[in-house]
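Here are my notes on the structure, set out point by point for a colleague who will want to check each place in the coordinates.

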Amino acid sequence: MTQTEADPVLPRYLRDVAPEVLAVPAPPIPALEEPYGVRVVDPSGPDTELITGWMQLPHLVTAWEQAWPSDKWRKHLEAQLATGYSRPLIVSFKDKPLAYLEFYRAAQDVIARKYDAHPSDLGIHAAIADTAVVNRGFAPRVLPRMIAGLFELDPQCQRVMFDPDVRNTGARRLCEFIGCKFLGEHDLPYKRMALYALERDTHSGKR
């Protein structure tokens with residue numbers, strides 16, 4: 001997601017969409033049962049520095065390409081919270097922060113130009129920071145629970161979208177494991193993505 005200084009703070013956010021698309025409420029925030037937890041990021045506190053540090057980790061530099069300075073991350077987080085487009089979140093285990101998530105409205109995102117988007121579609125970006133739990137089953141355990149919560153809290157949402165880089169084999173395997181439908185490879189300004197959709201009627205995850 002490389003940006004230049006001339007880019008807007010939220011380069012993926014589509015502002016020139018139909019009013020009924022922009023009128024959809026912000027993504028809901030499902031709860032997680034202990035020992036897991038999820039909360040909205042507070043850009044004015046230590047969360048900004050925490051996420052900034054995470055995004056300097058080699059595996060996330062490769063997957064996200066957002067190794068930005070903290071002031072840029074703060075603006076990015078604040079901009080998400082100022083719109084109904086996206087919500088930045090931190091996931092924890094036994095109160096230890098482990099991962100950064102973004103829930104977003106896919107019909108307000110650049111991926112909407114690559115498939116037949118519905119206004120209430122949701123999308124997820126996920127970054128597991130703690131290398132001790134990467135490829136250790138954390139995502140397959142937690143992600144289906146969160147998706148089940150999204151479907152429960154937003155009855156109008158019929159699908160959840162994922163758009164990993166085509167080279168991100170781990171993310172692609174996860175999408176396939178949880179039952180996503182592959183919608184092909186597509187070019188975005190900053191990457192070539194593998195687009196996946198998880199339909200409500202095929203989702204079997206339990207919270």
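The points below go through a pocket, a helix pair, the aromatic pairs and two places in the backbone.

1. Please keep in mind throughout that this is a predicted model.

2. The largest pocket holds about 960 Å³ of space. Of the 40 residues that line this pocket, Ala126, Asn168, Gly170, Ala171 and Leu174 are the closest to its centre. The elements that contribute two or more residues to the lining are helix H3 (58-64), strand S3 (96-105), strand S4 (122-128), helix H5 (138-153) and helix H6 (169-177), and H6 supplies the largest share, with seven residues.

3. As to the chemical character of the lining of the largest pocket, its residues comprise 26 that are nonpolar, eight that are polar and six that are charged.

4. Helix H2, residues 47-54, packs with helix H4, residues 70-81, at an angle of about 115°, and the two axes are 9 Å apart; the crossing of H2 and H4 is right-handed. On the H2 side the contact is made by Thr48, Glu49, Ile51 and Thr52, which meet Ser70, Trp73, Arg74 and Leu77 of H4. The residues of this contact of H2 with H4 divide into three nonpolar, three polar and two charged.

5. Eight aromatic pairs are found when the whole structure is searched. One of them joins tyrosine 13 and tyrosine 85, whose rings are stacked, with 4.8 Å from centre to centre and 20° between the planes. Which parts of the chain does this pair tie together? Tyrosine 13 belongs to the segment before helix H1 (19-22), whereas tyrosine 85 sits in the loop between H4 and strand S2 (86-93), so the pair ties together parts that are 72 residues apart in sequence.

6. Two places in the backbone deserve a look, both of them in loops. The peptide bond between glutamate 34 and proline 35 is cis, with omega at about 15°, and proline 35 is found in the loop between H1 and strand S1 (36-40). Lysine 94, which lies in the loop between S2 and S3, has a phi near 50°, a positive value in a residue other than glycine.

Definitions and conventions
Residues are numbered from 1 along each chain as its sequence is written. This is a predicted model: local features need pLDDT of at least 70, side-chain atom pairs count only at pLDDT 80 or more; totals for chains, interfaces and linings use all residues. Side-chain values use heavy atoms; hydrogens and water are left out. On a 1 Å grid over the protein atoms alone, a cavity is a set of points where a 1.4 Å probe fits but cannot get out, and a pocket is an open set with protein on both sides within 12 Å along at least five of seven lines; lining residues have an atom within 4 Å of a point. Grid points are joined across faces, edges and corners, and a volume is the space filled by probe spheres set on the points. Helices (H or I, at least four residues) and strands (E, at least two) are DSSP runs, numbered from the N terminus. Ala, Val, Leu, Ile, Met, Phe, Trp, Tyr, Cys and Pro count as nonpolar, Asp, Glu, Lys and Arg as charged, and the others, Gly among them, as polar. Axes are lines fitted to C-alpha atoms, for helices over the stretch in contact, and angles run from 0 to 180 degrees between N-to-C directions. A crossing is left-handed if the near helix is turned anticlockwise from the far one by less than a right angle, and right-handed if clockwise. Contact means heavy atoms within 4.5 Å. Rings of Phe, Tyr and Trp (its six-membered ring) pair if their centres lie within 6.5 Å; planes under 30 degrees apart count as stacked, over 60 as edge-to-face and the rest as tilted.
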